[in-house]
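User: Please explain how the structural terms applied to this model follow from their definitions.

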Amino acid sequence: MTTEEPPPGTIITFYSYKGGTGRSMAVANAACWLGRKVSTSSRKALVMDWDLEAPGLHRFFAPQVDRPENVARPGIINYFDALHKKLKQNEGLYAELVSEWGWKVLDRELPLDDYIIPNVLPGVDFIKAGEFNAAYTELVSAFNWVEFYSQFGDVIETFRLLIVSKYTYCLIDSRTGFTDISGICTMLMPEKLITVFTPNHQSLSGVIDLLARAAAYRRASNDFRPLSVFPLPSRIENAELGLKKDWRARYQAEFEGAFRHIYQLEKCELSDYFDEVQLPHIAYYAYGESIAMHEERSDALSLSRAYENFFQRLIELDFPWDKRVAAVDIQEEAQPEVTLVPNPGGLAHEIKRLWQGSSRPVAVFATLTLAAVVAFLLYGLLRVISPAPPPNLSGKVEQIVPTRVRDTPEVFIQLSVVNNGPPTTVSNYSLQITSINSREVDSKEITPVEFNEVLPVFRSGALESITVYPQESMIRQTTQKVGTGQTTRGWLRFSIPVPMLDPQALRRPGLRYVVSFADDTGKVSYVVHDGS
Amino acid sequence: MAITPGIEQWLKDAGYEYHCFISYPRIRNNDLVECAKRVQEAIENDLALSINNPSVFLDDSIPGGTLWETKIVTALCRSLTMVALCAGIYYHPAHRWCGLEWAAMDGLGKSRLPGSEFRTIIPLIVREESSTPEAVLKTQWIDISRLTLQGRRYYTTKEFRLRIREVVTQIERIAVAIASQQAKTDCQQFKFPSTSAFSDWLSVKQAAPFYGNER
């Protein structure tokens with residue numbers, strides 16, 4: 001693959017152990033949401049119905065699927081049936097298909113476009129389960145996936161490489177239960193696996209079992225993509241608060257335990273995730289095939305908002321316990337645009353018209369409003385063009401002492417801070433260590449830890465006993481206000497999250513220590529030191 | 001056991017150009033190259049806390065027109081250690097270069113650190129394999145297979161950094177041991193092996209992805 005190739009798309013499989021969880025509806029809504037995201041880019045989203053035994057996803061896209069040119073269009077089962085026949089007829093084809101550029105050969109031999117129903121939603125293409133004619137059921141039951149895999153298994157990877165080269169997101173609606181097709185959909189195809197479940201024993205234990213097996217398979221495979229799993233509780237009934245609370249605790253604990261084991265995590269906390277991610281049961285959607293994202297206004301209690309909450313996390317985060325939730329701006333699209341500068345000429349004309357008319361109080365009010373707006377804009381302009389005043393707090397690093405406490409490297413920093421502004425407390429101390437000699441800059445932000453004991457420290461390669469008393473803690477001292485012109489001196493203690501690091505390495509020339517702290521107004525000051 | 005400026009200078013004078021050589025199998029998509037780049041970057045970043053200008057060799061940046069075989073053989077000989085990104089395909093005869101690189105570094109390690117407890121190869125398990133070759137089983141490995149399942153940005157996690165710290169600690173120990181043995185590179189005398197370290201390894205076909213049949 002050359003560097004000119006766009007990055008491959010992501011395959012996302014939606015799986016539920018039992019039917020009736022709202023899985024296909026979630027796929028249709030995801031397609032609608034993702035389609036909007038990618039509608040202006042060159043690569044769209046693709047949706048595929050792999051629930052071959054009980055296909056139904058096409059119902060959500062009925063207007064396009066039912067068009068005459070699409071009714072007889074073949075689907076997934078027809079594609080693999082045709083591929084199987086070609087591979088059996090042409091002995092050399094398999095070797096070509098599993099070569100580096102095999103996906104291009106595959107697209108030439110069996111053009112994917114012949115199977116695509118384009119634009120079922122803005123930015124979304126669709127491949128249905130198959131051509132729903134009299135032969136469909138027989139074709140599905142006759143196709144032997146185990147035999148196909150044992151003969152031509154690697155060609156499924158070729159198909160995967162083909163679709164991710166053409167689409168930014170590929171959504172799979174998987175078969176339920178433990179079947180051959182659900183194995184392909186959950187073990188071979190996805191990079192992200194959505195386990196849709198309703199709060200009951202069968203549904204929950206089924207998805208927990210499956211995700212453990214799918215992850216174990218990937219871990220022993222030659223597929224080096226991740227397999228991140230996102231649970232999606234569905235049809236949550238808000239009327240039964242007690243049961244809702246009990247089940248929430250139960251499924252959260254089950255997933256936390258499963259993730260700890262699968263990904264070898266010390267801890268896994270899903271409270272924040274499940275606070276936001278749950279699909280409410282809304283009776284309206286129990287009838288027919290409606291796409292909430294398509295129809296509904298997104299208010300706080302709506303199903304479309306619940307989907308949005310989930311899809312944002314699904315796309316932005318690597319895994320559900322990822323704490324980068326701040327990066328996920330759920331309200332991004334809901335915010336109205338605010339125009340701060342109306343047409344001043346037009347407004348002035350309107351005010352002149354009011355003064356000339358009979359509505360004098362309105363004219364006075366409008367004039368005052370215009371004056372306030374102009375003053376506000378002038379103030380804003382001055383703020384923009386005048387440089388920000390320097391922070392009132394400045395500081396100096398007096399000493400840096402690296403040490404180790406119970407296998408954890410730590411750094412003690414003696415800092416003096418001068419306040420040139422009004423009395424203020426000092427807070428939000430943080431330390432960043434930067435290596436300026438390496439090609440890549442390494443930085444580690446460390447949260448300060450309060451003192452609670454007197455510690456021995458290393459100095460000049462030897463153990464000395466520098467006594468740092470708790471009352472010398474900078475944090476403790478600066479919780480009191482520092483007066484104008486006053487200087488405070490104290491120690492900060494930072495633990496370094498690199499357990500085996502030799503503390504002497506923190507003395508190496510070329511390291512840069514950046515200590516930052518903030519005053520009551522939140523203005524941040526920085527002190528830079530070379531660590532020597 | 002940090003690499004002091006004195007040790008670092010001695011290693012340079014003795015012909016060591018790279019602190020580590022990354023060995024991995026080429027596959028038909030970019031997933032494993034990406035992993036190799038992340039490991040390279042993480043090792044360099046971590047080493048940068050204790051030495052200036054750490055250098056980790058990865059063959060993805062060999063300029064066009066270079067005799068790549070010569071470049072790889074030279075780079076391997078001029079490396080203190082080798083990190084092998086291990087998975088089933090690493091041992092497979094179709095990826096013979098991996099087995100040759102393993103055999104080459106194993107030979108270099110034995111000659112540079114005779115009788116030492118250290119091997120100069122650090123296996124980093126990216127994917128688990130039920131029939132791991134004897135040569136790999138004998139060496140203490142570091143497992144990142146579960147971590148790399150987490151998501152595309154697994155390399156930003158604390159757990160990944162901790163594993164890389166283990167790798168770097170081992171690189172530092174080996175570097176110090178090589179310097180204390182005064183073992184120079186002596187690449188003029190180095191002969192690249194012709195037999196893979198995994199020539200007697202029997203591949204086990206991965207189970208089919210069907211529930212009930214999987215491993």
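Analyst: This is a predicted model, in which local features need pLDDT of at least 70, side-chain atom pairs count only at pLDDT 80 or more, and totals for chains, interfaces and linings use all residues. Residues are numbered from 1 along each chain as its sequence is written, chains are lettered from A and ligands numbered from 1 in the order in which they are written, and side-chain values use heavy atoms, with hydrogens and water left out.

User: How do you know that β1(B) is joined to β3(B)?

Analyst: Two strands pair if DSSP finds at least two bridges between them. Three bridges link β1(B) with β3 (residues 82-86) of chain B, and the two run parallel. One of the partners is known by name: S23(B) is matched in β3(B) by A84(B). β1(B) also runs parallel to β2 (residues 56-57) of chain B, with two bridges between them, and C20(B) has V56(B) as its bridge partner in β2(B). Strands here are DSSP runs (E, at least two residues), helices likewise (H or I, at least four residues), both numbered from the N terminus.

User: What makes both faces of β1(B) covered?

Analyst: In this strand (residues 20-23), C20(B) and I22(B) on one side and F21(B) and S23(B) on the other are all buried. Buried means under 20% relative accessible area, exposed over 50%, and partly exposed in between (1.4 Å probe, protein chains only).

User: Why is I51(B) called buried?

Analyst: The relative accessibility of I51(B) is 3%, so I51(B) counts as buried. I51(B) sits in the loop between α2 and β2 of chain B. The C-alpha atoms of I51(B) and I3(B) are 6.9 Å apart in space, although the two residues are 48 apart in sequence.

User: Why is α7(B) described as largely enclosed by the rest of the structure?

Analyst: Because 18 of its 24 residues are buried, α7(B) is largely enclosed by the rest of the structure.

User: How do you know that the span of α7(B) is close to the expected value?

Analyst: The expected span of a helix is 1.5 Å times one less than its number of residues. α7 (residues 158-181) of chain B has 24 residues, for which 34 Å is expected, and its first and last C-alpha are 35 Å apart, which is close. After α7(B) comes Q182(B), with a positive phi near 55 degrees.

User: What makes the unit of β1(B), α2(B) and β2(B) right-handed?

Analyst: A crossover is right-handed if, with the strands pointing away from the viewer, the path from the first strand over the helix to the second runs clockwise. β1(B), α2 (residues 31-47) of chain B and β2(B) form such a right-handed β-α-β unit.
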